[in-house]
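I opened a new model today and wanted to work through its strand pairing. My notes follow.

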Amino acid sequence: MTLAGDEHFAREALCRFGLDGYGAVVRRWSSGLSGASVWQCTIGERALALKRWPDATQSERIDWIHQVIAAAANELEFIPPLVCDPQGRSRVSIGTHHLELTRWMPGDPICESASEDQMLAAITRGAEAIAHFHRVTQRCGRFECGTQSPAPAIQRRIAHLDSLGADGRLQRAIRHAVNASPTLARAADWLREKGAKRTGTLAEELRTWAKVPLAVQPVLRDIHREHILFCAGVVTGMVDFDAVSRDTVSTDMARWVSGFVGSSIDPNRLWAAAVTGYRQHRPFSACELELAGAIERSSWFIALTNWVIWVADERRVFPGGIAMVDRRVEALLRRVS
């Protein structure tokens with residue numbers, strides 16, 4: 001789709017929501033890696049975020065996520081409220097594309113150049129926001145909160161680790177990575193030397209959790225540092241709910257803290273800051289903390305294998321090109337080491 005056609009699509013979508021799409025100021029925002037597209041739309045004094053969901057996302061899943069967002073936005077100012085069309089629907093469709101419209105949330109993620117004190121304060125405030133989200137969605141009976149079951153996050157990670165040696169993709173990717181970039185080649189060397197042992201160690205650790213019944217509820221699952229926005233140290237926005245699903249709250253704490261691991265700050269201080277913030281508004285047990293650590297350790301390794309497979313074996317192309325891939329892989333190499 002051309003840029004002009006892309007803008008026309010966004011304006012048509014705004015009209016479907018009952019707004020003056022052709023009188024709006026529309027700006028395409030940087031797309032993430034999920035396949036979604038986002039536009040910043042200004043209509044008069046109103047700033048909105050228009051999102052086209054990844055084409056593979058089922059409409060039923062989007063509607064369920066919208067129920068979660070609506071419940072949270074009803075009580076939390078940093079959750080973007082959904083805009084409905086004239087028929088009261090929060091999802092509209094154009095052809096095979098599903099779209100949503102929300103308020104544009106102010107603020108920016110905590111920057112990498114922030115001081116250590118600013119970084120730790122942001123981790124604490126972000127963990128508080130995550131706790132508020134969990135507290136609100138836990139109260140919603142229709143989401144089957146409190147159900148005791150093995151954590152889906154653990155089952156998924158065990159399945160992924162087991163597949164690494166079974167389907168041959170990782171070994172093919174390791175062989176081909178030398179042709180991708182020097183950074184991918186170094187990642188391949190690390191995986192060739194240490195990957196098998198690390199796979200076994202992580203799988204063994206995760207299997208100790210595989211049958212442990214835990215409370216599950218709606219969680220964010222992909223709440224990294226770019227998804228919580230701040231103004232003057234205060235959380236003003238939480239964005240990108242594509243991954244919301246029922247799981248253990250430990251997945252969100254693991255994802256949030258892991259976004260800061262690899263900085264110059266002692267990881268123990270990162271975790272202490274996050275747990276302190278979370279526990280101000282909701283319990284977080286020693287068991288949940290231990291599980292979050294296991295999830296974090298396995299997630300970095302799995303992410304590294306994913307990037308090597310995606311680029312070197314599956315030949316995927318990502319926004320930002322190989323330079324962006326190299327930055328991601330470089331950070332992962334530091335963390336798994």
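I started with strand β3, residues 46–52, and its pairing with β5. I found 5 bridges joining the two, and they run antiparallel. For the register I looked up Leu 48, whose bridge partner in β5 is Arg 103. I keep in mind that this is a predicted model.

Next I asked how much of β5 is covered. Strand β5 spans residues 97–103, and 6 of its 7 residues are buried.

I then turned to β4, residues 92–94. It pairs with β5 in the antiparallel sense over 3 bridges. Here I noted Ser 93, which has His 98 as its bridge partner in β5. β4 and β5 form a hairpin, with 2 residues between them. I checked the turn as well: Gly 95 has a positive phi of about 65°.

At the other end I looked up β1 and its pairing with β2. Strand β2 covers residues 37–43, and 4 bridges join it to β1. These two strands also run antiparallel. I recorded Val 26 standing opposite Cys 41 in β2.

Then I put the order together. Which strands make up the sheet, and in what order? I read β1-β2-β3-β5-β4, 5 strands in an open sheet with antiparallel pairing. The edge strands are β1 (25–28) and β4, each of which pairs on one side only. Last, I looked up the angle between neighbours: neighbouring strands of this sheet are turned by 30° against each other on average, direction ignored.

Methods
Residues numbered from 1 in each chain as written. Predicted model: local features only at pLDDT ≥ 70, side-chain atom pairs only at ≥ 80, totals over all residues. Heavy atoms only, no water. Buried < 20%, exposed > 50% of the residue type's maximum accessible area, 1.4 Å probe, protein only. Helix = DSSP H or I, 4+ residues; strand = E, 2+ residues; numbered from the N terminus. Pairing = 2+ DSSP bridges. Axes fitted to C-alpha atoms, helices over the stretch in contact; angles between N-to-C directions.
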